[in-house]
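Biologist: I'm new to this one. Could you show me how to read a few of its features?

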Amino acid sequence: MNQVVEETINNYKDHVNSGMSRLFKFLGLDTLEWKAEGTRVKDINGKEYIDCLGGYGTFALGHRPQEVIEAVKEQLDLMPLSSKILLNQPLGQLSKKLAEITPGRLQYSFICNSGTEAVEGALKLARMSTSKTKIIAAVNSFHGKSLGSLSVTGRDVFRKPFKPLLPDVKHVIFGDLSDLANNIDHDTAAVILEAIQGEGGIIVPPKDYLAGVREICNKYGALLILDEIQTGLGRTGKMFACEHYNVTPDILTTAKALGGGVMPVGAFVATPEVWEVFNEDPFIHTSTFGGNQLACRAAIATLNTIQEKKLVERSASLGKYLLDRLTQTSKRYSQIISQVRGKGLMIGIQFQHESYGGMLISELADAGILAAYTLNQQKVIRLEPPLIITKEELDQVIDILERSLEKIVELAS
């Protein structure tokens with residue numbers, strides 16, 4: 001088995017990314033993920049991990065959920081991909097389902113393959129619908145790394161090597177209504193925000209912030225795009241995080257958990273008024289693989305399972321339990337933990353120094369827990385376990401976390 005691991009490390013070094021190979025080895029993550037079921041991942045040597053990263057929110061139903069796999073297997077025997085000429089039943093069914101579960105008057109969907117594609121489509125729709133070009137996004141945001149979504153992503157380390165990006169994009173401080181009010185005008189096509197900043201460090205906005213953004217957008221005739229790619233589908237204890245704030249966007253993006261951890265699927269959903277320009281020119285925005293039958297069947301099964309198993313409610317109750325326990329833990333380890341925050345089963349632990357985060361990831365992996373940094377903020381470790389995780393498993397995670405923190409305190413002293 002070690003020969004297989006070494007071969008893979010060399011393949012990464014020579015053919016994938018040598019920097020990534022070095023980082024995995026440095027963090028002690030140089031083993032192969034091999035098999036997964038529910039909340040557990042096994043490596044090639046049979047070591048078992050509780051997955052508290054969950055593919056950055058992808059595995060809401062856990063790994064290999066049978067409801068989704070069975071739907072995909074059934075569709076595989078019928079027709080995996082679309083001919084793009086005749087009508088596609090699962091595409092229509094999924095779009096109808098999204099209209100039913102999204103808030104407010106969101107009605108029309110474009111099904112794509114990923115979160116960044118959903119953001120690209122949302123930006124195009126906003127500019128076309130308003131006949132304006134100016135976009136406002138947030139500092140510290142993350143919306144993807146393709147050119148349009150990178151343009152609205154609010155971290156220069158990702159943006160700078162690829163400039164010039166899209167013109168007419170302005171970044172304002174997340175949570176600061178006055179900064180938005182000072183930068184928006186009647187030439188603004190849209191404001192794009194995450195309901196909770198995920199890769200920015202699990203940053204929860206002030207309670208009245210999104211409602212204030214909605215009012216400002218209405219005043220200037222700008223559309224509100226909410227990026228729910230990581231926060232959507234029950235992750236925060238609501239089907240979509242904007243429901244915590246009673247705010248409905250004009251366009252909503254979703255992905256990650258939508259495919260049930262089985263198929264890559266993304267979508268952007270909009271109101272009839274905004275969508276009308278796409279109705280008038282239905283081939284102005286297309287995708288060869290987007291909306292394929294396999295992906296749509298996976299997404300339909302995922303949404304049905306979330307509702308049938310009441311995973312939104314489960315996320316809310318277990319998330320509160322986890323946050324309360326982690327808050328108590330943070331008080332005992334205040335010398336290295338500065339804050340714990342989040343909603344539902346989307347929780348960030350912020351450390352006094354980013355080195356503590358790296359040490360904790362390694363200690364947790366060694367003890368059988370998978371966790372990771374948030375991409376924009378390496379002082380923050382995120383916990384985003386599957387929504388099917390049990391209370392007993394959360395207790396096990398916290399016990400291991402506390403033992404790992406104890407080791408870090410000893411090393412740091």
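Modeller: Sure, let's go from a helix to a core and then to two single residues. Keep in mind that this is a predicted model.

Biologist: Let's start with helix 12: how far apart are its end C-alpha atoms, and what span should we expect?

Modeller: A helix rises 1.5 Å a residue, so the 16 residues of helix 12 (residues 293-308) should span 22 Å. The C-alpha atoms at its ends are 22 Å apart, in agreement with that. At its start, a side-chain oxygen of Asn 292 comes to within 3.1 Å of the backbone nitrogen of Leu 294. Just past the helix, Lys 310 has a positive phi of about 50°.

Biologist: Is helix 12 mostly covered or mostly open?

Modeller: Here's the general idea: in soluble globular proteins, nonpolar side chains tend to be buried together. In this model, helix 12 is mostly covered, with 13 of its 16 residues buried. The largest nonpolar core holds 86 residues, and Leu 98, Leu 193, Leu 233 and Leu 326 have the most contacts inside it. Helix 12 supplies the largest share of this core, nine residues. There's also a second, separate core of 25 residues, with Phe 110 and Phe 268 among them.

Biologist: What does Leu 98 touch, leaving out residues up to four places away in sequence?

Modeller: Its partners are Ser 109, Ile 111, Leu 258, Ala 267, Val 269 and Leu 303. Leu 98 and Leu 303 also both take part in the contact between helix 5 and helix 12.

Biologist: At what angle do helix 5 and helix 12 pack?

Modeller: About 35°, with the axes 8 Å apart, and the crossing is left-handed. On the helix 5 side, the contact includes Pro 90, Leu 94 and Ile 101; on the helix 12 side, it includes Cys 296, Ile 300 and Gln 307. For reading such a face, remember that an α-helix has 3.6 residues a turn, so residues three or four places apart point the same way.

Biologist: Now a single residue: is Glu 199 buried or exposed?

Modeller: Buried means under 20% relative accessible area. Glu 199 has 6%, so it counts as buried. Glu 199 sits in the loop between strand 7 (188-194) and helix 10 (209-220). Its side chain reaches the backbone nitrogen of Leu 375 at 2.8 Å, and a polar contact of 3.4 Å joins it to the side chain of Gln 230.

Biologist: And why does Ile 9 count as buried?

Modeller: Because its relative accessibility is 13%. Ile 9 belongs to helix 1 (residues 2-16). Ile 9 and Ser 21 are 12 residues apart in sequence, yet their C-alpha atoms are 6.3 Å apart.

Methods:
Residues numbered from 1 in each chain as written. Predicted model: local features only at pLDDT ≥ 70, side-chain atom pairs only at ≥ 80, totals over all residues. Heavy atoms only, no water. Helix = DSSP H or I, 4+ residues; strand = E, 2+ residues; numbered from the N terminus. Expected span 1.5 Å × (residues − 1). Buried < 20%, exposed > 50% of the residue type's maximum accessible area, 1.4 Å probe, protein only. Polar contact = N/O pair within 3.5 Å; in protein donor to acceptor, adjacent residues only side chain to side chain. Core = buried A, V, L, I, M, F, W, Y, C linked by side-chain atoms within 4.5 Å. Contact = heavy atoms within 4.5 Å. Axes fitted to C-alpha atoms, helices over the stretch in contact; angles between N-to-C directions. Left-handed = near helix turned anticlockwise from the far one by under 90°.
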